[in-house]
Amino acid sequence: MAQTQGTAVWQGRALCGVLFDLDGTLLDTVSDIARALNRTLVEHDMAPLPVGDVSRMIGRGSPMLIESATRARSREFSDGEKAAMLERFFHHYGQLEETEESDAQPYAGVRQALRRLHDAHLRIAVVTNKHHRFASALLQRLNLMQWIGVVVGGDTCERRKPDPQPLLFACQALGLSPSEVLMVGDSINDVTAARAAGIPVVCVPYGYNEGRDPRSLACDAMIETLADLPGLLWPARGS
């Protein structure tokens with residue numbers, strides 16, 4: 001096994017930090033999202049959506065989730081009505097944490113990877129389109145914040161992924177330049193944002209990616225689990 005000793009390197013240059021997506025990369029959150037969304041739909045006289053359908057709607061933030069869900073139910077609402085639905089979704093999602101109904105869990109290899117990167121003094125940020133308060137609460141509950149220095153939520157910046165602004169904000173918060181970090185995600189939003197920010201991007205194949213196969217993403221590398229990430233950054237010497 002490669003040892004996390006010395007300087008992490010990506011394609012010949014020193015690496016000082018890693019930016020991670022949250023939903024579909026670090027955490028499996030689809031059941032929570034579907035539960036909160038379906039409670040919102042039922043309140044507005046719409047039938048619940050199957051979890052598989054909801055998984056294909058994840059990635060562009062909660063406003064787009066509401067938009068996709070109402071479109072799937074062939075219903076039209078005013079902007080004001082959709083804003084009210086969004087607030088109800090936030091209410092239900094927050095209640096999952098408060099009532100300990102949340103089923104969200106880290107994917108295989110996540111704890112191992114975060115610990116190894118942190119122990120090697122890499123700076124770690126999470127960049128997600130989920131609202132900051134929800135992302136932080138999940139990471140705290142699952143005891144992952146001990147390894148994470150910065151959380152950038154969908155409401156932290158003016159724009160969300162696939163715009164590069166949240167990634168560049170994370171770099172600034174970590175005190176690093178885009179040339180010193182790596183992005184790890186599961187969707188076209190992550191790849192598009194990373195490319196626009198001038199940041200290399202590694203993807204995992206198990207995420208949501210709006211229903212498309214993550215293996216089709218034009219990323220720099222694909223790893224089966226995050227446990228494989230240290231092996232990319234500290235290749236085994238002499239083997």
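**View A. Burial and pairing of Phe89 and Tyr93 in the predicted model.** In this predicted model, Phe89 and Tyr93 are both buried. The two residues belong to helix H4 (residues 79-98), where a spacing of 4 residues sets them about one turn of the helix apart. Their rings form a tilted aromatic pair, with a centre-to-centre distance of 5.9 Å and an angle of 35 degrees between the planes.

**View B. The aromatic pair of Phe90 and Phe134.** Phe90 and Phe134 are tilted with respect to each other, because their planes stand at 45 degrees, with the ring centres 5.7 Å apart. Since Phe90 is part of helix H4 and Phe134 is part of helix H6 (residues 132-141), the pair ties together parts that are 44 residues apart in sequence. Phe90 is buried, as is Phe134. Over the ring of Phe90 sits the charged end of Arg133, 5.4 Å from the ring centre.

**View C. The aromatic cluster that includes Phe89 and Phe134.** One aromatic cluster is formed by Phe89, Phe90, Tyr93 and Phe134. The count of aromatic pairs in the model comes to 5, among them the tilted pair of Phe89 and Tyr93.

**View D. The buried side of helix H7.** Helix H7 spans residues 165-174, and its residues Pro166, Leu167, Ala170, Cys171 and Leu174 are buried. These residues lie on the same side of H7, because the arc that they cover around the axis is only 145 degrees. The buried residues of H7 pack against four strands and one helix: strand S3 (17-20), strand S6 (123-127), strand S7 (150-152), strand S8 (181-185) and helix H8 (188-197). After H7 comes Gly175, which has a positive phi, near 75 degrees.

**View E. Surroundings of Phe20 in the largest nonpolar core.** The largest nonpolar core comprises 59 residues, and Phe20 and Leu233 are those with the most contacts inside it. When neighbours within four places in sequence are left aside, the residues in contact with Phe20 are Leu26, Leu114, Leu117, Ile124, Ala125, Val126, Val127, Met183, Val184, Leu226 and Leu229. Another core, of 22 residues, lies apart from the largest one and includes Val150, Val191, Ala197 and Cys203. In soluble globular proteins, nonpolar side chains tend to be buried together.

Definitions and conventions. Residues are numbered from 1 along each chain as its sequence is written. This is a predicted model: local features need pLDDT of at least 70, side-chain atom pairs count only at pLDDT 80 or more; totals for chains, interfaces and linings use all residues. Side-chain values use heavy atoms; hydrogens and water are left out. A nonpolar core is a set of buried Ala, Val, Leu, Ile, Met, Phe, Trp, Tyr and Cys residues joined through side-chain atoms within 4.5 Å. Buried means under 20% relative accessible area, exposed over 50%, partly exposed in between (1.4 Å probe, protein chains only). Contact means heavy atoms within 4.5 Å. Rings of Phe, Tyr and Trp (its six-membered ring) pair if their centres lie within 6.5 Å; planes under 30 degrees apart count as stacked, over 60 as edge-to-face and the rest as tilted. A charge sits over a ring if NZ of Lys or CZ of Arg is within 6 Å of the ring centre and within 35 degrees of the ring normal. The arc is that of the directions from the helix axis to the C-beta atoms.
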